[in-house]
Amino acid sequence: MLQEGAHGKWTVSSSDESAEENSDSEKPSTSLVLDAAHSKKSGPQYPCSDARKAAHKRKASPLKFSDKKISTEIPPAEKQRTSQEGLGWCLSSSDEEPEDQEKEAYKEMVKEEKCDVSEEHTLNLCKAEELSENQKAEECDETSSEAQDTWDMLNGGNPFRFFLTKVRGIEQSYNSGALHIKDILSPLFGTLISSAQFNYCIDVGWLVKQYPQEFRKKPLLIVHGEKRESKAELLAQARPYENISFCQAKLDIAFGTHHTKMMLLLYEEGLRVVIHTSNLIAEDWHQKTQGIWLSPLYPRLPQGTTGSAGESETNFKSDLISYLMAYSSPTLQEWIDLIQEHDLSETRVYLLGSTPGRYQGSDKEKWGHLRLRKLLKEHASSMPAQESWPVVGQFSSIGSMGADGSKWLCSEFQESLVAAGSSVTTLLKCDIPIHLIYPTVNNVRQSLEGYPAGGSLPYSIQTAQKQLWLHSYFHKWSAEISGRSHAMPHIKTYMRTSPDFKKIAWFLVTSANLSKAAWGALEKNGTQLMIRSYELGVLFLPSAYGLDKGYFHVRRKMLSESNDSATHFPVPYDLPPEQYGSKDQPWIWNIPYTNAPDTHGNMWVPS
């Protein structure tokens, strides 16, 4: 389809033309298995979406900025305009809501799944040789002194138990206090008996290698949402491993995904829960900004203990069990029983999940943004002049928001984000600033990975052109404080900050992107909440850390060793966020960028 804007034309391949725009669509492309023979040679060996496949293709066959042969690489219609300035969007008059779009032909919807779906299923960001080098390097990643640092860090150095993943290619001091998946699965953290991995995109062979040799044959349950061909491919990956079993999450509502990222680790010494933002693939643990909450080691309760024993003040134990019960899977009952048998009382975070369904009555407040609203009303403090405290949202994918802010973002979603205290607010919600952080084209171009980093930032032209109003809320990605300005974010965070950005009323790290599919949308005149996907995050509230002032200070240095660390929260990016300039554009994955080279000297032509 030829798109024409104020400044030029470009093409979007027919597989990208579609009707369904209601989620941040991260379902795997079914074309991968249908084209299995080709995939085996050139594509990732696991289910993967079109945006990540495009990045894999460009990584494997880069288009050099100075390459005179570029004209032979670009489809004819795209030759008409290749400069970045020439990619003005075709403004659509369509104000279709997801509900209207769902009435479109099923075929078209499947096409959209393939195009806008991309956030998670990943491209192989490195050529085979490069990736093997990365993996070799990872083998040597942790010296004994680093292991000791990790041990010390776990035992009191980080009261929030909030970590970033290690990033290769940044100053090493910024990886102090960060974790690789191999650190998390290390024997230092416990003697593993069995584990469960909940995730979206999974490279089984790679995952097995992240476990220490002595734990690689321990029982491993993989909880996923794959169906049909991509499920067959996932199971095929695991055939060599007799210790691996699967639980398929039910996804009964169209365009939902199993997006939760959690590890349950059973040790001889107890149990640990890890809630994070990374897919189980090499690229997500290499040069991206990712977040991790690592629970304390939960000891086993004395035999015969029953009832609410081992519960935390944040109700984390019963909330985690409720979340697992929502899968309605006999396979997960074993883990529910194990959690019952452990003492989770030291937990200081609140669990915030989404599970697919249509919820009414009191069930409406169990999941999604209404769960956040309930927690903030019950446990957050009202602030003086709180209408001037902005809301910040930071994410890696964006769903369809509707024709304007009143449809969802500045109505029901914002009402949940600004809830505080039990008093009924009379604030005009539109007066409360919203700052949305999403990478610009230049953020991606100048990143460690270059343009292929955009394979995990799957905002599509089809969605973007229908909601240009949203872009006035956008702010650049900048993370000098953590040394990660050039490590593109796959972390998702939300918070409420003071007007001077030196305090925060709360902080959430989650798998949930900015979409109705993830957070839920009200239906039936507000009496029903509909959620499409599984998501999971943890909420940090000052009251759970014994702070009665109602806020955390924002830590000025991520690596601060100050004694007041329990009062200063380590926000992993720079505050205040910087609004897009007049020449800044949000990264859109499925249009070409050929006007300037990335950090590897390449251009981006996704088709």
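How many bridges pair E5 with E8, and in which sense do the two strands run? Six bridges join E5 and E8, in the antiparallel sense. Two strands count as paired if DSSP finds at least two bridges between them. Helices (H or I, at least four residues) and strands (E, at least two) are DSSP runs, numbered from the N terminus.

This is a predicted model, in which local features need pLDDT of at least 70 and side-chain atom pairs count only at pLDDT 80 or more, while totals for chains, interfaces and linings use all residues. Residues are numbered from 1 along each chain as its sequence is written, and side-chain values use heavy atoms, with hydrogens and water left out.

**Stop 1: the whole chain, coloured by pLDDT**

pLDDT is the predictor's confidence in each residue, from 0 to 100. The protein averages 83, and 76% of the residues score at least 70. Select residues 1–23, where pLDDT stays under 50; the model has 92 contacts beyond four places in sequence for this stretch. Contact here means heavy atoms within 4.5 Å. Then select residues 68–145, where the pLDDT is also below 50 and the model has 219 contacts beyond near neighbours in sequence. Where pLDDT is low, the predicted coordinates should not be read in detail.

With the whole protein in view, there are 18 helices and 25 strands. Of its 607 residues, 61% count as buried, meaning under 20% relative accessible area, with exposed over 50% and partly exposed in between (1.4 Å probe, protein chains only). Among contacts between residues at least 6 apart in sequence, 79% join residues at least 24 apart.

**Stop 2: the seven-stranded sheet**

Select the strands E4-E11-E9-E8-E5-E6-E7, which form an open sheet in that order with mixed pairing. Strand E4 (162–164) and strand E7 (244–248) are the edges, each pairing on one side only. Neighbouring strands are turned by 20° against each other on average, direction ignored. Axes are lines fitted to C-alpha atoms, for helices over the stretch in contact, and angles run from 0 to 180 degrees between N-to-C directions.

Now pick out E8. Is this strand buried or exposed? Six of the six residues of E8 are buried, so the strand is largely enclosed by the rest of the structure. Met262, Leu264 and Leu266 point one way, whereas Met263, Leu265 and Tyr267 point the other way.

On the E5 side, serine 194 has leucine 266 of E8 as its bridge partner. E8 also pairs with E9, antiparallel over five bridges, and leucine 264 stands opposite valine 273 in E9. Three residues lie between the strands in the hairpin of E8 and E9, where glycine 270 takes a positive phi near 155°.

Continue from strand E9 (residues 271–276) to strand E11 (residues 291–294): three bridges pair them in the antiparallel sense. There, histidine 276 stands opposite isoleucine 292 in E11.

**Stop 3: helices H12 and H13**

Select helix H12 (residues 316–325), which packs on the sheet and touches strand E5 (192–198), strand E8 (262–267), E9 and E11. The direction of H12 makes about 115° with that of E8.

Add helix H13 (residues 330–340), which packs with H12 at an angle of about 175°, with the axes 10 Å apart. H12 and H13 are therefore roughly antiparallel to each other (angles under 35 degrees count as roughly parallel, over 145 as roughly antiparallel, 65 to 115 as roughly perpendicular and the rest as oblique). To see the contact, show Lys317, Leu320, Ile321, Leu324 and Met325 of H12 with Leu332, Ile336, Ile339 and Gln340 of H13.

**Stop 4: phenylalanine 540**

Go to strand E22 (residues 535–540) and select phenylalanine 540. With 0% relative accessibility, phenylalanine 540 counts as buried. Leaving aside neighbours within four places in sequence, its contacts include Phe160, Phe162, Trp293, Trp506 and Phe569. Tyrosine 350 lies 190 residues from phenylalanine 540 in sequence and 6.8 Å away in space, C-alpha to C-alpha.

**Stop 5: the three-stranded sheet**

Select E13-E21-E20, an open antiparallel sheet of three strands in that order. Its edge strands are E13 (357–360) and E20 (521–523), and the twist averages 30° from one strand to the next. E20 is joined to strand E21 (residues 528–531) by three bridges, and alanine 521 has methionine 530 as its bridge partner in E21.

**Stop 6: cysteines**

Finish at cysteine 201, which counts as buried at 0% relative accessibility, and at cysteine 247, buried at 3%. With a disulfide defined as a pair of cysteine sulfur atoms within 2.5 Å, the count comes to zero disulfides.
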